[in-house]
Amino acid sequence: MNDLKLPPRPPSYDKKVGLVLQGGGALGSYQAGVYEALASSEYLPDWVAGISIGAINAAIIAGNAPDKRVSQLRRFWEDITAPTAWWPAGLSGTLATWQRIAGGMTAMVFGQPGFFAPRALQEWFSQNAPTSYYSTAALRETLERLVDFDRINNAKDMRISVGAVNVRTGRFAYFDSAKITIRPEHIMASGSLPPGFPPVDIDGEYYWDGGLVSNTPMQYVLDSSPRRSRLTFQVDVFQARGQLPTNLGEVCEREKDIRYSSRTRITTENFRQKHEMRHAINELMGILPPNVRTTEQAKRLYEFGCVTEMDIVQLIYRPHEPQVACKDYEFSRVTMNSRWEQGLSDGRTTLAAAPWLAPIPKEVGVRIFDVMHDILVGMHTPSAGKHTPAQPMEEPLPERVPEKRKRA
């Protein structure tokens, strides 16, 4: 993994670089590994956006100098997984499954240090009963310790955006350092998933986790005006493809994967179609007769055109074996390290391939790359279509059978 040679970034590839981080709780250590790979490349992001755990990772990245970002991410993830640091690594099969379940149960009963803690018993008998099972007061202290908010709000080379939902209106809101002063509560609001975590008060309005509406900030970054040609690393922690569940635990895990990955796929595909239409409008304007091009209708249409080129690089956490239903709140140190290392490996492999450096056809406005999918499915397809401990849970779609063959 460390021997991969990264191709140099040519001066002609002058796109801005974005990093988009999906929500997913404990799965977010995969994102930290991906960022470690980016940190040693020529593709340092100038804009990082996140929701939920992605917002916390984004704040740590944006709120530190480049040479301290990886170490501060590591500090955060090691601090919140400290209670299980002594758990054995290298387990497999049933023992590994039970260890993951124990990790999830530990989080439910005791919380995670520096992140969240269960409400005290007496709180439930007070006149003002809690509106969440856990308190996130510890997260504020962690953010204030690991994130330099002055740096976030005065940086010229890094922008951060995090998403949350207004509890009262149900409207989605983005807190963007290019538009407002970012405070710890903006980050906390983005990760306040009910009923586990309480809503966060921001200037008299209360906000919950942005994942209630959309757990990816992709559209916000790509559609932001004025648009710039951009290379965006889209780091997701729920995979769309998977195996048919064989028990209730796998059913719950698969349901989460489908529910959260579907939102990302819809967002990405909708943007691709919309941006291709913008390019088509520009091409159309170039062939319209002058007397038509100057009409009010043509001018209105021209406003929807765009010449920017977007490259989207997908990095998706594809575990090597089932992770159990509690995977998004399974904060054991062993699992955290495993996800981090997989993110680092996937990130380096993707950077070494660098498919975005291939010439882009003039008529194409959006390119979408998934290097790991191409390797795992396209080039090295599992012969039986089943996962093994050394083979991520990806399989090709079944070949479409012609109608005549079906009837035969």
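This is a short selection-by-selection tour of the structure open in your viewer. Keep in mind as you go that the model is predicted.

**Stop 1: helix 2**

Start by selecting residues 53–62, which form helix 2. Is this helix mostly covered or mostly open? Mostly covered: 10 of its 10 residues are buried. Show the side chains and you will find Ile-53, Ile-56, Ile-60 and Ile-61 among the buried residues, along with Asn-57 and several alanines, including Ala-55 and Ala-62.

**Stop 2: the largest nonpolar core**

Keep helix 2 on screen, as your next selection grows out from there. The largest nonpolar core has 68 residues, and helix 2 gives the most to this core, with eight residues. Which members touch the most others? Select Ile-160, Ile-187, Phe-233 and Trp-356.

Now centre the view on Phe-233. Leaving out residues up to four places away in sequence, Phe-233 touches a run of Val-17, Gly-18, Leu-19 and Val-20, and also Leu-38 and Tyr-43. From further along the chain numbering, add Val-313, Leu-315, Leu-351 and Trp-356, which Phe-233 touches as well.

There is also a second, separate core, made of 11 residues. To find this second core, pick Val-20, Met-218, Tyr-220 and Val-221, which are among its members.

**Stop 3: the loop after helix 2**

Next, select Asn-64, in the loop between helix 2 and helix 3 (69–80). Although Asn-64 sits in a loop, its relative accessibility is 8%, so Asn-64 counts as buried. Show its neighbours: Asn-64 touches Arg-69, Gln-72, Leu-146, Val-147 and Arg-151, if residues up to four places away in sequence are not counted. For a distance check, draw a line from the C-alpha of Asn-64 to that of Gly-343; the two atoms are separated by 20 Å, and the residues are 279 apart along the chain.

**Stop 4: the largest pocket**

Switch on a surface and go to the largest pocket, which holds about 780 Å³ of space. Which lining residues should you select to land at its centre? Of the 30 lining residues, the closest to the centre are Gly-25, Leu-193, Phe-197, Asp-328 and Tyr-329.

Colour the lining by residue class and you will get 17 nonpolar, eight polar and five charged residues. Then colour by helix: helix 2, helix 4 (93–110) and helix 9 (248–287) each supply at least two residues of the lining. The largest share, four residues, comes from helix 9.

**Stop 5: two cysteines**

Select Cys-252 and Cys-326 and display their sulfur atoms. How many disulfides does a search of the whole structure find? Zero. The sulfur of Cys-326 is 10 Å from the closest cysteine sulfur, in Cys-252, and therefore too far for a bond. The pair also differ in their surroundings: Cys-252 is partly exposed because its relative accessibility is 39%, whereas Cys-326, at 9%, counts as buried.

**Stop 6: Ala-352 in helix 12**

Finish by selecting Ala-352, placed in helix 12 (residues 333–353). Its relative accessible area is 23%, so Ala-352 is partly exposed. What does this residue touch beyond its sequence neighbours? Show Leu-4, Lys-5, Leu-6 and Pro-7, the contacts that remain once residues up to four places away in sequence are set aside. One last line to draw runs from the C-alpha of Ala-352 to that of Pro-8: 344 residues apart in sequence, they are 9.5 Å apart in space.

Conventions
Residues numbered from 1 in each chain as written. Predicted model: local features only at pLDDT ≥ 70, side-chain atom pairs only at ≥ 80, totals over all residues. Heavy atoms only, no water. Core = buried A, V, L, I, M, F, W, Y, C linked by side-chain atoms within 4.5 Å. Buried < 20%, exposed > 50% of the residue type's maximum accessible area, 1.4 Å probe, protein only. Contact = heavy atoms within 4.5 Å. Disulfide = S-S within 2.5 Å. 1 Å grid on protein atoms, 1.4 Å probe; cavity = no way out; pocket = protein on both sides within 12 Å on 5 of 7 lines; lining within 4 Å. Points joined across faces, edges and corners; volume = space filled by probe spheres on them. Nonpolar A, V, L, I, M, F, W, Y, C, P; charged D, E, K, R; others polar.
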